[in-house]
Amino acid sequence: MNHHETPLFTGVTNHAKKNPIQFHIPGHKKGAGMNPDFREFIGENALSIDLINIGPLDDLHHPKGMIKEAQELAADAFGADYTFFNVQGTSGAIMTMILSVCSPGDKIIIPRNVHKSISTAIILAGAIPVFIHPVMDKRLGIAHGITTSAVRTALEQNPDAKAVLVINPTYFGVAANLKEIVEVAHSFSVPVLVDEAHGVHIHFHQDLPMSAMEAGADMAATSVHKLGGSMTQSSVLNVRGKLISPKRIQTVMSMLTTTSTSYLLLSSLDVARKQLVLHGKEMVSTAIELADWARSEINLLAPLYCMGDEIVGRDESTFDLDPTKLLIHVRDLGMTGFEVENWLRDTQNIEVEMSDLYNILCLVTPGDTKDSVNSLVQALKQLVEYAARQDSSHVNGPEIELPKIPRLAMTPRDAFYAETELVPFHQSHGRIIAEFIMVYPPGIPVLLPGEIITQENLDYIQYNLEVGLPVQGPEDFDFRYLRVIKVHQAIT
């Protein structure tokens, strides 16, 4: 296929050049009815293609023209049979995957370190999660991937599962042996769904982990906006094989997608595909070189440690690594990752992707230069000097692991819609929770609706709150109360 073409972007811009008189939404009409300060900042070109699905521009819900052509080019680029554009973020694509294969009461095998969109989809589908605990890195305090042997065991114990979901790569760039996992799942005739939110670029470079479509997975929610050059909230859902019905996927995605689809976002997907196919290898090579240079420089800044290839092959969960992710371990500085994030923001004007108790995560992408990466390295040098002058006695606590997976007393959907009550946080031990609790980012659930609250869960939540990490989920933001399933007393 001719990947120099951009049928969607070209079609939209050609329409804008005709400058038609508009009597349709959006009401700002090319910016004329908009606040002038915002209009000037955004620019007339962008506003001229902020359009809706009128006849000449095709319709994402029933693509027959330029959107269909753009999706076919994307499918060819990713090695998929079908590719569906999505403007609801990768969260929307993930929910589409799960709702396409799961009905109420169906089991789905998933890692515990999943994004909150997966938990949401399980509630919407009425599915029953079968959790696999990811391998924990005790030194870094992070979760890696799931192992092939754990997937095989889960399938042997749950042969009626409708799907296996895998994260490839993880938020921190670590990949399990996806091809082997796919082979195991397919031997049970079970499809593999892949959360590829942080792996759009891996398909376009041989030195990165194997992509979902290369590994033979059945569906992959791939976040083009994160690392592929499209606009925020734009994503694709790649589909391959015969275990999943593409018509079912289109139906479900249409149910979850706004009817006022953004042609700015859709067009950015079209041009990002062109860029990745024609220049992706070169662009990713540059990002890898910059990241490798930064990693070597950071690892000279004792006591900082930046994870690299030395972890590959340590066990089944660390089969491969995306080196463009700089996971920087700061625990030995005597500061939390959260404190380091704030210090970099306040003193160096640097924003990181994420922080947790003991790490910060920085992404190196084709949008970086030697100057931008060097700025990070120089800032970290100053950080080491600053930390050496501080009292670090408050940080050197025990190694942190995710709590054990709580027992599921009822399906997440039943718990979410059950009759509930609020109870004091410190009196909730043993109750069935009716809301989510997670540390976001990355959104790994500590508790899901339907699980029995343990003291270990409460201690973990309390510790994260005390050090200032973004624990989210409960309707009571202050965590004084948790919403639990109501206990009905017998009439006496």
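**Helices 2, 3 and 4 in the predicted model**

A nonpolar surface patch of about 350 Å² is formed by Phe-38, Phe-41 and Ile-42 in this structure, which is a predicted model. One of these residues, Phe-38, belongs to helix 2, which covers residues 36-42. Phe-38 has a relative accessibility of 45% and is therefore classed as partly exposed, since that class lies between the buried limit of 20% and the exposed limit of 50%.

Helix 3 comprises residues 44-48 and includes Ser-48. The relative accessibility of Ser-48 is 18%, so this residue counts as buried; the cut-off for burial is under 20%. The side chain of Ser-48 reaches the backbone oxygen of Asn-45 at 2.7 Å. When residues up to four places away in sequence are not counted, Ser-48 touches Ala-16 and Lys-30.

Helix 4 runs over residues 66-78, a total of 13 residues. At 1.5 Å a residue, helix 4 should span 18 Å, and this agrees with the 18 Å that separates its end C-alpha atoms. The buried residues in helix 4 are Met-66, Ile-67, Ala-70, Gln-71, Leu-73, Ala-74, Ala-75, Ala-77 and Phe-78. An α-helix has 3.6 residues a turn, so residues three or four places apart point the same way. The cover over the buried residues of helix 4 includes two helices, helix 1 (7-17) and helix 11 (263-298). Strand 1 (82-86), strand 9 (219-222) and strand 10 (235-239) are also among the elements that cover these residues. Helix 4 is followed by Gly-79, which has a positive phi, near 70 degrees.

Notes: Residues numbered from 1 in each chain as written. Predicted model: local features only at pLDDT ≥ 70, side-chain atom pairs only at ≥ 80, totals over all residues. Heavy atoms only, no water. Helix = DSSP H or I, 4+ residues; strand = E, 2+ residues; numbered from the N terminus. Expected span 1.5 Å × (residues − 1). Buried < 20%, exposed > 50% of the residue type's maximum accessible area, 1.4 Å probe, protein only. Contact = heavy atoms within 4.5 Å. Polar contact = N/O pair within 3.5 Å; in protein donor to acceptor, adjacent residues only side chain to side chain. Patch = residues over 30% accessible without salt bridge, like charges linked within 9 Å, V, L, I, M, F, W, Y side chains within 5 Å. Areas by Shrake-Rupley, 256 points an atom, 1.4 Å probe, with all protein chains shown as cover. Salt bridge = Lys/Arg side-chain N within 4 Å of Asp/Glu carboxyl O.
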